[in-house]
Every structure is written in C-alpha cells, then in structure tokens.
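Let's take a walk through this one, a stop at a time. Have a look at the chains first, then read on.

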Amino acid sequence: MDAAISLTVDGEGYRLTVDTRTTLLDALRDRLGNISPKKGCDHGQCGACTVLLDGRRVLACLVLAATVGGAEVTTASGLAEGDTPHPVQRAFLDHDAFQCGYCTPGQVCSAVGMLDEVAAGWPSHATTDLTAEPRLSQAEISERMAGNLCRCAAYVNIVPAIEQAAGEVR
Amino acid sequence: MKPFTLATPTDADEAVRLVADDPDAAFLGGGTNLVDHLKLGVATPGALVDITRATSAEITDLPDGGPRVGAAVRNGDFTADRRARERYPLIVQSVLAGASGQLRNMATIGGNPLQRTRCVYFQDVTTPCNKREPGSGCGAHGGYTRYHAILGASEHCIATHPSDLAVALAAVDATVRVLGADGERTIPFTDLHRLPGDAPERDTTLAHGELITAIDLPALPMARRSLYRKVRDRASYAFALVSVAAAIELDGDRISDVRIALGGVAHKPWRAHRAEAVLRGARPLEETFETAAAAELADARPLDGVDGGNGFKTTLAARTIVAALRDLTEGARS
Amino acid sequence: MSDLLRPVAIGRDLVRRDGMDKVTGRARYAYEADVPNASYCRLVQTTVARGRVEAMHTDAARQVDGVRAVITPFTAESLHTDGGELAVLQDQEIAFRGQVIGLVVADTAEAALRAAELVEVTCSTAPHDVALSADRDDLYKPEKVNPSYETDTSDGDVDVAMAAAEVTVEQTYTTAMYHNNPLEPHATTAFWDGEHLTVWDSTQGVHPTRAVLADLFDLDKEHVRVICPYVGGGFGSKGEPHVHVVLAAMAARAVPGRHVKLALTRQQMFSLAGHRTPTIQRMRLAADRIGHLSGIAIDVVEHTAKMKEYAEQTGVPTRMMYAAPNRATTHRLAALDVPAPSWMRAPGECPGMFGPEVAMDELAEALGIDPIELRIRNEPDVDPETGHPFSSRNLVTCLREGAARFGWADRDPRPRAREEDGWYVGTGVASSVYPVNRMAESTATIRFERGAYVVEIGAADLGTGTWTTLAQIAADALGVDVEDVSVRIGDTRYPVASVAGGSSGMTTWGSAVVNAARAFRDKHGSAPADGAEADGSTEDNPATEQYAMYAFGAQFVEAHVHRDTGEIRVPRLLGVFAAGRIINPRTARSQFIGGMTMGLSMALHENSVLDPRHGHVVNHDLAEYHITTCADVTDIEATWLDEHDPHVNPMGTKGIGEIGIVGTAAAVVNAVHHAIGIRVRDLPVTLDKLLPGL
C-alpha cells in the first residue's frame, strides 16, 4: 500500500510516494539519498539513526514515513552549513569524539536535540532534584546520551565535546 | 513484513471504529514497540490506525485535583511537566528510567503501558511462544530466564512486563480511561494488566478495538514523598532486572500510608499489597522493611535457566524494596 | 633498522582528515555506494541447528511485486570451494542455526523482506550440540592455534613446581562468548556487468576480500574490484570475508547490470559475522614466599565450529609474560554445531590475559604482596619463551607510572575496607601485552601530482586514523610538510595492502610507505617532475629473528559495588602503555580508550547467551546483548611512555589497536574483589554473582 507524503529534509522540500511499511530512515536513505542517518540496528536499540523531527530527536528507524507527512526533518548533514560545521560538530572534531564515524551523525543530532531539552528545563534520570532547573554536568550528559551507542567507545571524548558545544549553542 | 493500510483519523471515535470493525487492525501510537514488532514478524496487522492525532496530547487538571494525562502525550513531554515533577516524583522518575531520550520523544503515555514483553523467545518468531502463538509452547521455560518472572507466572508463560511507567501507575492507583465501540469506561490501573494463566496471549483486559484515551492520576498528596528505583545490568538504556515504585506517608513515628509496586518480577506491574499491609501503622524500621519485603516475596518461584536462571531476583527484589523504603524515610527515623 | 624517521609530522596531534565527512554523515559506507536503481537483498535462514534442507517452495515469494530473483541451495551457482564458512548455498546440509539457505533480490527493501518471509522451507533435523564444557570426552588438540602458534608448549615441569611451591594458586576462569558488533552492520553493494565484479564492501582489507571473491567465482583478480573508503567499525569481524559479501556477489550475478545492496540485520550478525569463542582457563601458579614464580600454566578449553576450525590462541601470552622457569600451555577444542568463531579485538591476548591476571591478583593476596610488586618481581630479563632479548619491554615502567598517576600508594590492601555513600570502593590492576605484528605483503605508490605528493595503498581506516596517520608517515619519510601529502586508500585500484588486523597496519603499510618514499627520493631526487612516481613494499625485518617484540601496558580500575543491590559501576579507568612511537596522539588516545572501554564492556556486560536447546544466541540484538553506554563510563584515561624501539620498523611503532582491551577485564575483577572481597572468576561480573556475599 502506498501513501503520498511531503517532507522537508535539511531545508529541501520533497514529495514522494512511499510504501506504508517504509520507515523514515529507509525513506531518507534509500529514497531521498540522504545517507547521514545510519542504520545500526533498525530496532531502536543503538541511536545511529537519530534525526531531528520537527526539532526533536527521534529514532528514524521506528517512525513509519507515512505517519509524518508534512514534517520537517533535520539530519547531521543539514546541521552543517555546507563546509561549516555546527558547533556540536566542531566540538566533535576538536575532541576526536568519534573513530569509525558510523554512530556519529546520530550522536550529533542527539546532542543537538538533548541540549534543547536541557534548555527547556527537562530533567533526566541523572537529575537529583526534579523540581530544579537541570544543570549540565558530566553525569547529566552521559545519561542523556545513553541512547547513542558507540562501539569504538568515544564516550569520554563525546561528553567534553558536548560540554564545549553547550556553551556555544546557547 | 505484511503490507498494511494506514489510517490517520483525527477523532477517537473514528479510530475506535476503524479498529473495532477490523479484527486485523491495530492502533499505532509512538511506534516504538509496534514498528519493532512489525519488522520482527511478531505483529502482522493488515491495517494500522495512527491514534497520535486522535487522542489528547494535553495534561489537564481534574476537579478532584489530580491531572488527566492525554494518551498522546509523549513520554518526554510528561517528564517536562512541572506539576508532575513536583507531585509525582515516582512517575516522572519511572519514565526517565526507561528507554532513551529519543524513544521518550516518540513513545506516548497511553502506549507505554501497552508495550509487550522483552522475552527473547517472544521476540524471536523462530522459537516457540504461547504469548505470540498460543499453543506453541513456552520457549523461555528452561531457557534464558534472567529477565523473567518470579511471581505470578504460569506453566504457559514466565514473561515479565517491561514498562517502568506502568509500575509507578500501579503504585499510585491511576485510572485508565478507555473508549470502545460501546462507549467509554474506566479501569483501575492495577486491573489493566493480567497474569498469564492459560491465556498469555492477552497482556491486558482491553478488548480488541478499545483505545486508551487518557490516564487519570489521583490527587494523592503522599506521592510527593516517593521514588522509583530501577536496578538493571547497565547504568542506562536497559530493561529492569527489578524495579520498585514506592510512596510513603509518615504520621509521627508511624507509617500512615504506603504504596509499593514492583517491576521486572511478573507478567504485570506487581502491586505489593502484602508488603503494604505489613508496613501500614508500623514504625519505619529496617527490620520492618525486611519483614514487609519477605512477606511480599514469600510466594516467589525463581526459575532455573541457561545462564544461571533468575534465582537472584528474590534477594534483589527484597533488598531493593528495603533500600527504597530506607531512602524514603531517612531523616524521619530516630 | 636502527635509523628511525625523524619525527616532524609523526607525533603531531592532527585532526582526522575524514572528520568533517563523518560528523556530517556524508562519508559513504558500503551500503551507501552512490549507484542508480539499486535492488535490495534479504536472506532466508535456517531455524534448526543441524539437519538438511529437503525442499524450498519459492512460488509465493516470486509473486511478490518487484522480486527479481530467489536463490536457494537448489538453484545457486556453484562456487569454487571445498566447503567451509563461505560455501554458502552450495549444498543442503545445515551446519548451524541461522545458516543462510536462501536469498531474495527485489526492487525495494520491503518487497525483499516480504518475499523472504514467504519462502517455505522443509527441513529434516538431526540432534545438535552447542554446549561447551571442560569435561567433554571429545575435546581435541588442533594442529596450530591462530594464526600459526604451537598448540601446546612445555618448559620444565609445572607439576613438580606446584608440588614444591610454598604458595600455589589453582583456579578455573571463564570468559563468555562475545560478538564484535561494530555499529555498521556488515554490508555490501555489488555490481556484475557480465565480466567484471565490483563490490563496495565493509571490510578491513579490500585486497584479501578481492582474492577470496576471485577464487570463489573463478574470476581473474583484475576483473574484481573491491572498494571501501570507510568502515563503520570491524574489531576483527570484517577482517575475513563472511557470507554476506559472497551472497551479494551471487545476487549481482543473478541480475546482471543492476546494483544490489545487502546489509546484515543486527540479529543476523550474531550468526553470520563471527564471534569470540567462550573460554575455560585452568590456571596454575607456583611461587615462593617472596613471590617469585617457579611455575605458571594455563590449560584452555574453547569451542570451534564443525564447519570451520578456528582455534583462539588464548594460552599464548602466558608463554612470555612472566619469568617462571616452569611453564606449560595447552589448547583443546570442542567442535560444535555453531557458526564459525573468528577474530575479535586481540584474539588470544584479550581472553588469555583474563585468567592469568586474575590469578596473579589471587597470588598477591595469598602472599600478602602488593599486586604491582608481585608483577615486578617476576619481570623476565629475556623472553622466557624464545630466550631472545625484548626489542623493548617497559611493563615495569607502565606499572610504576600508572601507580603514581592513579594514587595506588594510598591503597589499603584489605578488601571491603572502604565505603562511600552506600557503595563499596575498590581498586585493581592488571598487565597488558600485545605482539608487534607485521603482515607479509603491502606495497605503496607515491606520485608527485600538481605540486603535491599522493600516497596510494589499498589500506583500510576502520576509525583507526589511517587517512591521517599514513600522511604523517609519508611526510616524514619524504621530508615534506604533511599538508603536501594526500592519501588514497580503500580500493583495489591502489597497490596491494594487507588486512587491517593484529594491530599491524602502521607497521606493515607504514613500512611500505617509507620504502616508497625512499625509492621516490632515490629515483627522483628532491625536485621531482610532475607525474614522477615510485613504489615501495614491506620487507622482512631480520630483527624479528633476534628480538621478542611486544607492546606492554598496565591497567588500573576503580570499581564501586552498591551495598544494597550489588550493582557495579566503574567510575575510573587508567591505562599506561608502552607501545613504541605514537604517530598521532589524538587518534592513538582514542584507540586506547576505545579498547579499554570495550574491555570494561566485556567485564561487566557482554555475554552471548547460547541456548543449548535451540542452538543459537538468543539475546541477539543490542537491547539484550549489552555493550557499554555513555552512562557507564565516567573517567577513562590513557597515556603512554615515550618509548624508543629501534628494532620494530622505521617508524618505531608497535601497533595500538588491540592492547587497550587486554587486561581490562582482569583489572575490573580485581577491583571488584578489593571492593567487597568476592572473587568472580566467570565473566561477566554481574550483580547476581555478588548478591550472595553482600
């Protein structure tokens, strides 16, 4: 069964017909040629496919494309302005916060979405006082980024990279 | 994955009609569990009805002072809600202890309690499972049982319920608002899920086509003194081995009221009525907590298994109950 | 080989050259090859662990819209092979559960999946056996262990040493079955034009993959091209081709003129992409009161597949680590109905430094000697195994430097002596070791193009930094600015390169690059003409016959155990390494901490649960097979000595990709023991193993 949808991806508008079974991840990668979100598990267990959907970080592998017609999708590719990296990307480069690079676009999108959540005052499992404004500590960052697995294990570089970027994106 | 149609109704009655009239149809919420199951072949619906626009995504105040949480409220938005954070720490903590930031932005409050077991045999269509395929046998019995039940299991199914939120909602006696083809009804949250018995294919008491439209929280002032303690195999992004949702009210040196529910131990969120009975009216002493935990776990039936089984869970659950109660009463005890 | 390159670019902290492409996601991995009108593959697998495929009905599958081919053992083309792991779809025998018995090619991924679901399979089943134990009566002695070590060794008489010793340790340790689980699933895009096969494959070696494909399909090597500029992690599992690349090539040949894409699912990676065997290690240590070892022995039992032998060299590091006059090592295998085990980061050393390094801690405890001091007292003057001097051996300096940085001097050696905020706190240490490996064959070409130098070699960058570090080596070998050197790797169009394995990349490819640079200068001088070029190849290093060459390290761990629940957290890891000269401290540090974190993951989380009734790993995804998350790590630091080794190669490098995972798990176990006084000898260390003692 097919469904006709429109999507804005990294600022570009698209109209496409998708099988109802097609995930947003496959629509981006196989249909629109946007390879930035990666497929690491296809079951919501690794975070490599993280994109910003209408500004929020989600897992594109568990979103059926046909359910998000009209949405605005931002991938790590779209976060950069051409050859100029987003502050989070700049910080990842500065801190060598990746090795093989496969989880990295998802990490970057997740970090951008996460920093917005912190700015909006959302607590996390690491927040001791639920009623206070969360403050971005190492423990807060690592808990909030726990949904993005990195088998090269750049975690101890990712956390300071995000700390650096947090100051810049405010 | 079998082909399916997709409908996106904007009102709940229409959504219910579409599913109630079609035995092959299913509701689609945040998709975090169902889309996974479509890929695994665990779920094979012919029609999906997206209900994220058909139910409320608002949190509103009820006349009795408790909030009504619309079924389409995303888990992340719920944890951001200031009223919830102040009044129901155990519920907010339970949501924050589950999944990841991305998944919480997708999963809905109505859908979260309906997620299905993580039993590896349920999820693997090449192995037998009475829950997935009634009558095929239980693959987990004698298999990998680390995450399986110690309470209320049956010979047909030893699966556990994976939702953290559901444990907290069971503890506070939330109410589930349900819309069916015959109209609305409410279900006490503790009656939403069922034990497996001889029909493990049924996780809940909902009929086909019944839609959760909202979850009502009781005013319950005692919930301000509450917590959700989740014990898992890694620091985050893992399902519970054991979890405890607890709220307590002290009157002088006595426990005037207490609510406890356990996760990771049974086919449903396990409301610890026996432990509560021991504690009500008692003094908040470590020995009393231990007695209460022992009473609750008296009927625990640990399982053997491939990787050592789950015998440790009885001890772990008891110790976690005691630790949770100690944390909640620290400073109040002499 | 005593004249090391003068380090100018070498040693510089340069940002990865592929960084921008990776942080934006624009780097193209194998599945993402930019090709028109691709078709998609999906696999059909067995659901029994042993037996025979009697019949397959594919009519329903073929009727799915968009299906172009359905290939089964009854229809597949014949490969030139005598059997083994890559002989896929060649006969009806079922050697393990999850074996591929069918392949669907369709115009969309959805159609391919649906069609694969609709293939009906009739199998006969036979009893299977996947249970490893040390008391099986069918254990056998392999001819050699990976890659070509002696299976058993014996010097002196360990039995006599044990009988005469003042103190002994005799314990059995086990490591679990592990899966490499790189974040990028194994994937291939393939194209067959009727004569030439082109594959974009996620591989640690384009040339080895080409050689295998050319043989299997009986093609001239020049008619096969393998391309792989980026690898989304491999950790050994992409070191040798697995069936997916063969299947993708088969699929392409079934639909000539069309590109096909095949990616394993995460679940399939648990049966089709290799794994590390579980190991059972019986350790014996004999010592006198002051801690001098008189004997050390390890007897290893592990599994292999009936279909293909792979013998992990778990006992090998025990042969050279400590100065015990009596030493013995053995390896015995159980051949089971399991998928073929294969390489996983530091095969041999990683599991093989678990038992011995925990046993050393147990010996230190029994003797009342500090575990660092015990290791220092057993430092050998020469390699105990060969009698050769070490080209450099700085284990003791690593231990001392680490102790100083970690604050070891303040440690109260008594277990369970420290509690903070409801957590018992302990610290532990273990040694690391990894050999300096050099592969046989690699060639580099250096060309002068439009005022800059271009290095071409079919090498791989799996996140290891090759894009950047080879440029640094070439710059110093040529005596030019690193900005004037560009590197081209990951394509069989470039000169032959060995597999990225055994931490051998820099030694092997780097030596080829240095020789190419020297040849270039000899031939073209310092003012080359445009287009000038020269080749250089890796050559044998005679020093390997005269010296024992190893990198060493020391790992320090702080572990916390929750007083109530037994939950374990490791807030602090420190590794100090002596691994020769470091080409790029930025990428090197990432490799070390990455290895250490994977070691932490092995210690606390990883465990492939093989259900003997069904015959497969049942926790076969990333929700149930836990690897460390960001939340599991706090402070992990790696540092290294400024080690000068004139014998290993012209760069002075030893290889750093694997040593980081060696010894970590033992250090964690030792720290947990110090925290609460419970000795866990079976990995992973999980709370259920601690609860009875709390």
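What follows is a short tour of domains, contacts and helices.

## Before we start

This is a predicted model, where local features need pLDDT of at least 70, side-chain atom pairs count only at pLDDT 80 or more, and totals for chains, interfaces and linings use all residues. Residues are numbered from 1 along each chain as its sequence is written, while chains are lettered from A and ligands numbered from 1 in the order in which they are written.

A few terms will keep coming back. Two residues are in contact if their C-beta atoms, placed from the backbone, lie within 7 Å. Helices (H or I, at least four residues) and strands (E, at least two) are DSSP runs, numbered from the N terminus. For residue classes, Ala, Val, Leu, Ile, Met, Phe, Trp, Tyr, Cys and Pro count as nonpolar, Asp, Glu, Lys and Arg as charged, and the others, Gly among them, as polar.

## Chain A and its two domains

Chain A splits into domain 1 (2–78) and domain 2 (87–169); the bounds come from an automatic or database domain assignment. Taken over C-alpha atoms, the centres of these two domains of chain A are 22 Å apart. Where they touch, domain 1 of chain A brings 15 residues and domain 2 of chain A brings 13. On the domain 1 side, β3 (50–53) and β4 (56–59) of chain A each supply at least two residues, and β3(A) has the largest share, with three residues. That side of domain 1 is made up of seven nonpolar, five polar and three charged residues.

## A leucine that meets chain B

Now zoom in on A:L62, which sits in the loop between β4 and β5 (72–74) of chain A. Is A:L62 buried or exposed? A:L62 is buried, because 27 other C-beta atoms lie within 10 Å (buried means 20 or more other C-beta atoms within 10 Å of a residue's own, exposed 12 or fewer, and partly exposed in between). Leaving aside neighbours within four places in sequence, A:L62 is in contact with A:G44 and also with B:G31, B:T32, B:V35, B:D36 and B:M106. A:D26 is 36 residues from A:L62 in sequence, and the two are 10 Å apart in space, C-alpha to C-alpha.

## Two helices in chain B

Over in chain B, helix α5 (residues 89–96) and helix α8 (residues 164–171) have axes that come within 7 Å and cross at roughly 165 degrees. Those axes are lines fitted to C-alpha atoms, for helices over the stretch in contact, with angles from 0 to 180 degrees between N-to-C directions. So α5(B) and α8(B) are roughly antiparallel to each other, a label for angles over 145 degrees (under 35 is roughly parallel, 65 to 115 roughly perpendicular and the rest oblique).

Who does the touching? B:L90, B:I91, B:S94 and B:V95 in α5(B) meet B:D164, B:L165, B:V167, B:A168, B:L169 and B:A171 in α8(B). Sorted by class, this contact has eight nonpolar, one polar and one charged residues.

## Where chain C meets its neighbours

Chains B and C put 27 residues each into their contact, 27 from chain B and 27 from chain C. On chain B's side, helix α11 (residues 312–329) of chain B has the largest share, six residues. That side counts 11 nonpolar, nine polar and seven charged residues.

Chain C also touches chain A, with 48 residues from chain C and 52 from chain A. On the chain C side, α1 (19–24), α3 (109–118) and α14 (585–604) each supply at least two residues, and α14(C) gives the most, with seven. By class, this side of chain C has 21 nonpolar, 16 polar and 11 charged residues.

## Inside chain C

Chain C is assigned domain 1 (30–47 + 50–127 + 186–263), domain 2 (144–178 + 275–436 + 546–693) and domain 3 (439–540). The C-alpha centres of domains 1 and 3 of chain C lie 33 Å apart, and their contact takes 17 residues from domain 1 and 15 from domain 3. On the domain 1 side, α5 and β13 of chain C give two or more residues, with α5(C) making the largest share, four residues.

That same helix, α5 (residues 206–216) of chain C, is mostly covered, with eight of its 11 residues buried. Among them are C:V206, C:H207, C:V212 and C:L216. The cover includes β12 (197–201), β13 (224–227) and α6 (243–254) of chain C. Just after α5(C), C:D218 takes a positive phi of about 55 degrees.
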